[in-house]
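Please provide a structural report for a reader who has not met this protein before. The report should be formal and should include one small table.

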Amino acid sequence: MLQNRGTRVLLLSLALLAIGLALMAYKWRVLGFPLMPERQSTVWTVEAAVHFDAGPGPIKLNLYIPGLTPGFAILDENFVSRGYGATPRYVSGGRELQWAKRRARGAQSLYYRAVVYRDPTRVEDDTTPPFPSRPVLAEPFGTAAAILVEEVGSRSADPASFTQELLKRLNRPERDENVDLLLGPAPDAVDIARTATTLLASALIPARLLRGLYLQDQQRNAQIVPWLMVHDGTRWLYFDPRSGEQGLPDNFLLWWSGPDNLVSIDGGRNLEVRFSVSSSVMDPLALAQRRSEAHLGPLAQLSLFALPIQTQAVYSVILLVPLGALVVAFLRNMIGVQTFGTFMLVLIALAFRETQLLWGILLFSLLVALGLGLRFYLERLHLLAVPRIGAVLTIVVMLMLAVSILSHRLELDPGLSVALFPMVILAMTIERMSIVWEERGAGDAVRQGVGSLLVAALCYLAMDLRWSRHLVFVFPESLLLILAAMLLIGRYTGYRLLELRRFREFLRLEQD
Amino acid sequence: MPGRVRRLRARGVLGINARNIEFVQRYNPRSRYPLVDDKLRTKRLALAAGIAVPELYGVMSTPHDTARLAELVAGRDAFVIKPAHGSGGDGILVIAGRPARREGQFRLLDGGQINEAELRFHATNIISGRYSLGGHRDQAIIEYCVQPDPVFAGVSDRGVPDVRVLVFRGYPVLAMLRLPTRESRGKANLHQGAIGVGIDLLTGCTTHAVHHDTAIDEHPDTGLPVSGLEVPHWSQLLELAAGCYELTGLGYLGVDLVLDRRHGPLILELNARPGLNIQIANRVGLRRRLARLAGAADDRPVAERLARLAERLG
């Protein structure tokens, strides 16, 4: 079967298509490269500012920093702490940053800053915890806890309903005496959550106190919010310790877990931590690029984005050329449009990108018409070929200059962009058009000229679509799709569209 | 539109893409192209094989050679200058004669005159590659100007009518008579406005005609009917055309022949990518005839092939 060229080409293009699509799908779904040009991604910058007065002796300050963050991924983090040694490390409650300094005086300010973005693929991947040991509480707390656990247990079916019932009891405005005893006077949300973990432990349900922030808009002084995490035997469940509602709000950024305080210090006083949150939009491309660095490591360097910006800009144009070539191949071999030259039309279309379409067509026609007129005069001088084409080229350059100066005087700015036309191509077009004009008549010459302009215009439109520009640049593997299409057109043996007109006599005769 | 495609297909009309992929690329080895793309080589090849071609008066390969032009055409009243690598009839200049009393002047087909300097300029243009396919340097050929057999005088305007025979693997499959018109300025190329008249391969009689892709029955200039004419020396023409298969090794070949008043049938040039209008002129789609011959190659001599022609065409 592989002997058959048609089948071989078909299989080859299918393979190219599959590889191209697979690579694109991977980059889109896994690495998060956007398929559409405009979508913007939001990133949040969360800053923890630690202020304190340096006390006697060396300073050692421990601050919890985000580690496991369900629903979010950390794009970047940094510590601003002049003169301090800073070491992040994993500890039982998550991650911790330790700042240390031998000597310091006066007010000190240390900053930790993290840039995070939403990443739904990140989940709490903690393993199933062991059953907690039953806490030993001094009397009368032990009895109060036992009674409460007993009562809540009788009104619930599973860890989830137990937790909800418990939180309902703890939050009830008119508290019964057991709850009152356990919570103490004027409890806040942290007290409630902390008491809940103790009581859940008494019921042999693993539970953790979480602390985090809501990421929303701009907050100068964001509050740490407690949350409750309960294991139901198969997975972790989240509860709002105040309302008892289950679930984790999707803008909740987990900062640390466990009963410990956010920050602890040796050698300092008047410790204060302030959180601020700000959101900003980020180019999704840059975000995806950072993410692919995280996913692929050094492989991510084998990317267009690893190139210098100027080179990238060059490639953003070069990558469009095959698309233009595809349009030309389609129009010539499937539609049957007649043109002067083939791929030089792509270069004319690239020039249209600078001049805009209407001006491009206008200026191109103007230059070719003027050049053609002068070319007919040159013909009468009987010149040798190379100097003659050179003369046409010189005339084209002079005409370009004239058009630029004139349009500048008339304050028609687009006329200036005529300088971006590929003049050698203009000269060759004029030369070939004049030959066709003489040998086959003006009709053929004009028809092919209009065909060329039409093809160049369609090329320009295809290459100028924001979407195609974005797609070939962000997914250069789309060139494999273009290659596949090219191969398929290369084996297209059906009629060209205009041949249906050309052979119309057959149809007319058939009807007679 | 899908209906049109279906109906054209039912008529067996061959399109350009299918011609290129299924026939030209498949049956014409690239290495043989130079034999037909270079008219000088074709001519020499034909002469070596004893096939009649218009006599070669001279070749000019450099602009300097054009100085010899007058010398090369000395004593010749009529002659043709053409590029060795031209395509589609471009660059062919026919000198029909010399005006009686004016030295160094040449008469064109349309009655106009040009002088020797202009003629040399045309040759220089040819040499510099103006009419050649890739713009490469070329050679200018000067050859005998065919004096057409008067049989077509009523149906052609000046110029030389020629016969195009499409030969597939040694068998003629379609033929047409190409008649110059006023519009085509003496040239026999259909896209320049000449008319194509289908020829019944077995009888040599003309059938229908096409002018610019449109079916016609009368010559647009003279108004005379173009069908029902008998092409003289028909079997000899077919024999010459079919023999070009052996000559070139090209399986899909267009052979252009002319009927000269004195020398009879001559081979003018060969074409490895012959056009498809021959189908309209004959009102016959090519596919069925080509399909019948697409089987095993057949190495019978020309005469035997032609004897079997009726049977092979179906």
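The following report treats a sheet and aromatic contacts first, then the overall form of one chain, and finally some loop residues.

The model is predicted.

**A sheet in chain A**

Chain A contains an open sheet of 5 strands, in which the order is β3-β6-β1-β13-β8 and the pairing is antiparallel. Its edge strands are β3 (72-80) and β8 (219-222) of chain A, each of which pairs on one side only. From one strand to the next, the twist averages 25 degrees. Strands of a sheet pair through backbone hydrogen bonds, either parallel or antiparallel. Within this sheet, strand β1 (residues 41-54) and strand β13 (residues 268-282) of chain A run antiparallel and are joined by 13 bridges. For A:Glu47, the bridge partner in β13(A) is A:Ser276.

**Aromatic and charged contacts**

Over all chains, the count of aromatic pairs comes to 19. One of them is formed by A:Trp44 and A:Phe72, which meet edge-to-face at 5.9 Å centre to centre, with 80 degrees between the planes. This pair links distant parts of the chain, since A:Trp44 belongs to strand β1 of chain A and A:Phe72 to strand β3 of chain A, 28 residues apart. A:Trp44 has a relative accessible area of 8% and is therefore buried, the limit being under 20%. A:Phe72 is likewise buried, at 0% relative accessibility. Ring pairs also link A:Phe79, A:Tyr112, A:Trp255 and A:Phe275 into a cluster.

In chain B, the charged end of B:Arg30 sits over the ring of B:Tyr33, 5.0 Å from the ring centre. B:Arg76 lies over the face of B:Tyr57, at 3.9 Å from the centre of that ring.

**Overall form of chain B**

Chain B holds 11 helices and 13 strands. The C-alpha trace of chain B spans about 60 × 45 × 40 Å along its principal axes. A compact globule of 314 residues would have a radius of gyration near 20 Å, and the 20 Å of chain B agrees with this. Of the 314 residues in chain B, 56% count as buried. Among contacts in chain B with a separation of 6 or more, 62% are between residues 24 or more positions apart.

**Residues in loops**

How exposed or buried are the loop residues A:Pro130, B:Arg169 and B:His212? The table gives the loop and the relative accessible area of each.

| Residue | Loop | Relative accessible area | State |
|---|---|---|---|
| A:Pro130 | between β6 (107-118) and α2 (141-154) of chain A | 67% | exposed |
| B:Arg169 | between β7 (162-168) and β8 (171-179) of chain B | 14% | buried |
| B:His212 | between β10 (206-211) and β11 (214-216) of chain B | 38% | partly exposed |A:Pro130 and A:Pro140 are 10 residues apart along the chain, and their C-alpha atoms are separated by 28 Å. The backbone of B:Arg169 has a positive phi of about 50 degrees, although this residue is not a glycine. B:His212, also a residue other than glycine, has a positive phi near 50 degrees. B:His212 is partly exposed because its relative accessible area of 38% falls between the limits of 20% and 50%.

Technical notes
Residues are numbered from 1 along each chain as its sequence is written. Chains are lettered from A and ligands numbered from 1 in the order in which they are written. This is a predicted model: local features need pLDDT of at least 70, side-chain atom pairs count only at pLDDT 80 or more; totals for chains, interfaces and linings use all residues. Side-chain values use heavy atoms; hydrogens and water are left out. Two strands pair if DSSP finds at least two bridges between them. Helices (H or I, at least four residues) and strands (E, at least two) are DSSP runs, numbered from the N terminus. Axes are lines fitted to C-alpha atoms, for helices over the stretch in contact, and angles run from 0 to 180 degrees between N-to-C directions. Rings of Phe, Tyr and Trp (its six-membered ring) pair if their centres lie within 6.5 Å; planes under 30 degrees apart count as stacked, over 60 as edge-to-face and the rest as tilted. Buried means under 20% relative accessible area, exposed over 50%, partly exposed in between (1.4 Å probe, protein chains only). A charge sits over a ring if NZ of Lys or CZ of Arg is within 6 Å of the ring centre and within 35 degrees of the ring normal. The radius of gyration is taken over C-alpha atoms; the globule rule is 2.2 Å times the number of residues to the power 0.38. Contact means heavy atoms within 4.5 Å.
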